[in-house]
Amino acid sequence: SLEDVPPTEYAELDAVEAELSPFWDLWNMISDYHTNLHEWLHGAFLELDGERIQKEVESWWKASYKLKAALEDDNAGAAECAGALREETTKFRANLPMIKALASPALKERHWNRLSEKIGQKITPYDDNGVELTLNALLESDVGSHIDSIQEVCVAAEKEYGLEKGLQAMTDEWALVQFDVKAYKETGTSIVGGIDD
């Protein structure tokens, strides 16, 4: 019966899998990078998640360096591909501060107007024809070269946004509170009663 047959060892299969693993990792990283890059460049800019993009790009940047070193001796072609990925992610990393600053829900129309004034060119989430802003459009117009001005406006916007969210949280919390108002003696005024410290 099958119960009496010892399990088959697949040492050779495990060895082949271990040998091919770096190539599999490299192939998937390159594919994921290029798929995401197209979405980041041509998709709606305000839908970009700067933190997530940074995490992914940093991961590919580090892993491509390690793979290049691991593949250099035995497979120069694959090592070259890993090196190319490292170069591409290195270049893209320069855009991360701009993405993280501008792809923020904190930016209101007044902030976009202020940004346009500071950098000397009009940038808005939508152009006059209603077309959404893209990362590609920002890169083509060299907006990233004004990163100091961008960050100055965006930091202020983030602080305002934090205050707005805090005020909204307080408003929501207080909306549930009901006060018990009682007449105070015969003075014609009222006092709040029935509340603890």
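**Exercise 1. Pocket lining**

The residues that line the largest pocket divide into six nonpolar, four polar and three charged. The structure is a predicted model in which local features need pLDDT of at least 70 and side-chain atom pairs count only at pLDDT 80 or more, while totals for chains, interfaces and linings use all residues. Residues are numbered from 1 along each chain as its sequence is written, and side-chain values use heavy atoms, with hydrogens and water left out.

Task: State how much space lies in the largest pocket and which residues are the closest to its centre.

Solution.
1. The classes are fixed beforehand: Ala, Val, Leu, Ile, Met, Phe, Trp, Tyr, Cys and Pro are nonpolar, Asp, Glu, Lys and Arg are charged, and the others, Gly among them, are polar.
2. On a 1 Å grid over the protein atoms alone, a pocket is an open set of points where a 1.4 Å probe fits, with protein on both sides within 12 Å along at least five of seven lines; a lining residue has an atom within 4 Å of a point.
3. Grid points are joined across faces, edges and corners, and the volume is the space filled by probe spheres set on the points. For the largest pocket this gives about 200 Å³.
4. The lining holds 13 residues, and K122, T124, D127, L133 and A137 are the closest to the pocket centre.

**Exercise 2. A salt bridge between two helices**

Task: Find which parts the salt bridge of R93 and E58 ties together, and classify both residues as buried, partly exposed or exposed.

Solution.
1. A salt bridge needs a side-chain nitrogen of Lys or Arg within 4 Å of a carboxyl oxygen of Asp or Glu. The rule yields nine salt bridges.
2. For R93 and E58 the N to O distance is 2.9 Å.
3. R93 belongs to helix α3 (residues 76-93) and E58 to helix α2 (residues 50-71), so the pair links parts 35 residues apart in sequence. Helices (H or I, at least four residues) and strands (E, at least two) are DSSP runs, numbered from the N terminus.
4. Buried means under 20% relative accessible area, exposed over 50%, and partly exposed in between (1.4 Å probe, protein chains only). R93, at 27%, is therefore partly exposed, and E58, at 16%, is buried.

**Exercise 3. The salt bridges of E164**

Task: Locate K108 and R110, the salt-bridge partners of E164, and name the network that results.

Solution.
1. The side chains of E164 and K108 form a salt bridge at 3.5 Å, N to O.
2. E164 is in helix α7 (residues 147-175) and K108 is in the loop between α4 (96-102) and α5 (109-119), so this pair ties together parts 56 residues apart in sequence.
3. E164 is also bridged to R110, with the closest N and O atoms 3.8 Å apart. R110 lies in helix α5, so here the parts joined are 54 residues apart in sequence.
4. Through shared partners, salt bridges join K108, R110, E160 and E164 into one network.
5. E164 is partly exposed at 35%, as is K108 at 27%, and R110 is partly exposed at 45%.

**Exercise 4. Nonpolar surface patch**

Task: List the residues of the nonpolar surface patch and say which element gives the largest share.

Solution.
1. Patch residues have over 30% relative accessible area and no salt bridge; nonpolar side chains (Val, Leu, Ile, Met, Phe, Trp, Tyr) are joined within 5 Å, like charges within 9 Å.
2. Areas come from the Shrake-Rupley method with a 1.4 Å probe.
3. L167, M170, W174, V177, F179, V181 and V192 make a patch of about 710 Å².
4. The largest share, three residues, comes from α7. Helix α7 holds L167, which is exposed at 53%.

**Exercise 5. Positive phi**

Task: Give the phi of D142 and of K185, and the loop that holds each.

Solution.
1. Most residues other than glycine have a negative phi.
2. D142, not a glycine, has a positive phi of about 55°. D142 is in the loop between α6 (135-140) and α7 and is partly exposed at 46%.
3. K185, also not a glycine, has a positive phi of about 45°. K185 is in the loop between β1 (180-184) and β2 (189-193) and is exposed at 68%.

**Exercise 6. C-alpha separations**

Task: Give the distance between the C-alpha atoms of E80 and L163, and of G193 and K62.

Solution.
1. E80, in helix α3, is exposed at 62%. The C-alpha atoms of E80 and L163 are 49 Å apart, with their positions 83 residues apart along the chain.
2. G193, in strand β2, is buried at 11%. The C-alpha atoms of G193 and K62, 131 residues apart along the chain, are separated by 63 Å.
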